[in-house]
Amino acid sequence: GGETTTTTTTWSLQAELLKVQDTIPICPTILSQHVAMGALRAGRAWVDTKLGAVVENQQMIRAALVGALGEENVKGGQGAIYLFAKLPVADDVAFVRALAADHGIVVIPGTSCGAPGHIRVSYANLRPEACKTAAARLREGLAVLVG
């Protein structure tokens, strides 16, 4: 009789995820390709119509942050759609929780972005009227939490 050898392959979640990750940047979905083509057809004029609102939002959020934390503690806004602000407290996660719970403002703790002691505040996806309300809440929240 013949002997039979079996080979056991070990399944690895990491290996399977690497397969998926590998295809994401090089194989965009059909839907993504159609969206990209639509954006190219729309051209720069569409972007220009939206840019004014983004700049207005950035100015409102920057003013709220600078007013509470100082110009030297606010970074970003040149080409990005968010600002980073250095907090005078170490626990940025607790700060963000208090800002959300007590003032209705949701921002990202810097710890999540590799910048402990900071917050990341996005401003691009709001209508200017909503951003004005958000900036007022942010200003109020910072005044209370920073002192």
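Start with the surface of the whole chain: the accessible area comes to about 10,100 Å². Carbon and sulfur atoms account for 59% of that surface. Keep in mind that this is a predicted model.

**Whole chain**

Show the chain as a cartoon. You should find four helices and four strands. Trace the elements from the N terminus, and the order reads α-α-β-β-α-β-β-α.

Now zoom out. The C-alpha atoms fill a box of roughly 85 × 45 × 25 Å along the principal axes. The radius of gyration is 23 Å, whereas a compact globule of 147 residues would have one near 15 Å.

Colour by burial next. Buried residues make up 27% of the 147 residues in the chain. Then turn to contacts between residues at least 6 apart in sequence: 60% of these join residues at least 24 apart.

Colour by charge. There are 13 positive and 12 negative side chains. The centres of the two sets lie 8 Å apart.

**The nonpolar core**

Select Ile61, Leu65, Val107, Ile119, Val121 and Leu138. These have the most contacts inside the largest nonpolar core, a set of 24 residues. Five elements to highlight each give two or more residues to this core: helix H2 (30-69), strand E2 (82-86), H3, strand E4 (118-122) and helix H4 (128-146). Which of them gives the most? H2 does, with six residues.

**Leu138**

Stay in the core and pick Leu138, in helix H4. Is Leu138 buried or exposed? Leu138 counts as buried because its relative accessible area is 1%, under the 20% cut-off. Show its surroundings, leaving out residues up to four places away in sequence: Leu138 touches Ile61, Ala64, Leu65, Leu99, Ile105 and Val121.

Then draw a distance from Leu138 to Glu71. The two are 67 residues apart along the chain, and their C-alpha atoms are separated by 16 Å.

**Val107**

Move to Val107, another of the core residues with the most contacts. Skip its neighbours within four places in sequence. Val107 is then in contact with Val96, Leu99, Ile119, Arg120 and Val121. Leu99 and Val121 are also on the contact list of Leu138.

**The end of H3**

Select helix H3, residues 92-103. Two adjacent residues here make a useful pair to view.

Click Asp102, in H3. Asp102 counts as exposed because its relative accessibility is 54%, over the 50% cut-off. Draw a distance from Asp102 to Val144. The C-alpha atoms are 9.8 Å apart, with these positions 42 residues apart in sequence numbering.

Now click His103, which is also found in H3. His103 has a relative accessible area of 13%, so it falls under the 20% cut-off and counts as buried. Which residues does His103 touch, not counting those up to four places away in sequence? They are Ala98, Arg137, Glu140, Gly141, Val144 and Leu145.

**Out along H2**

Finish with His34, in helix H2. His34 counts as exposed because its relative accessibility is 56%. Compare His103, which is buried.

Draw one last distance, from His34 to Asn73. The two residues are 39 apart along the chain. Their C-alpha atoms are separated by 41 Å.

How values were computed:
Residues numbered from 1 in each chain as written. Predicted model: local features only at pLDDT ≥ 70, side-chain atom pairs only at ≥ 80, totals over all residues. Heavy atoms only, no water. Buried < 20%, exposed > 50% of the residue type's maximum accessible area, 1.4 Å probe, protein only. Contact = heavy atoms within 4.5 Å. Rg over C-alpha atoms; globule rule 2.2 N^0.38 Å. Areas by Shrake-Rupley, 256 points an atom, 1.4 Å probe, with all protein chains shown as cover. Lys, Arg positive; Asp, Glu negative; His and termini not counted. Charge placed at Lys NZ, Arg CZ, Asp CG, Glu CD. Core = buried A, V, L, I, M, F, W, Y, C linked by side-chain atoms within 4.5 Å.
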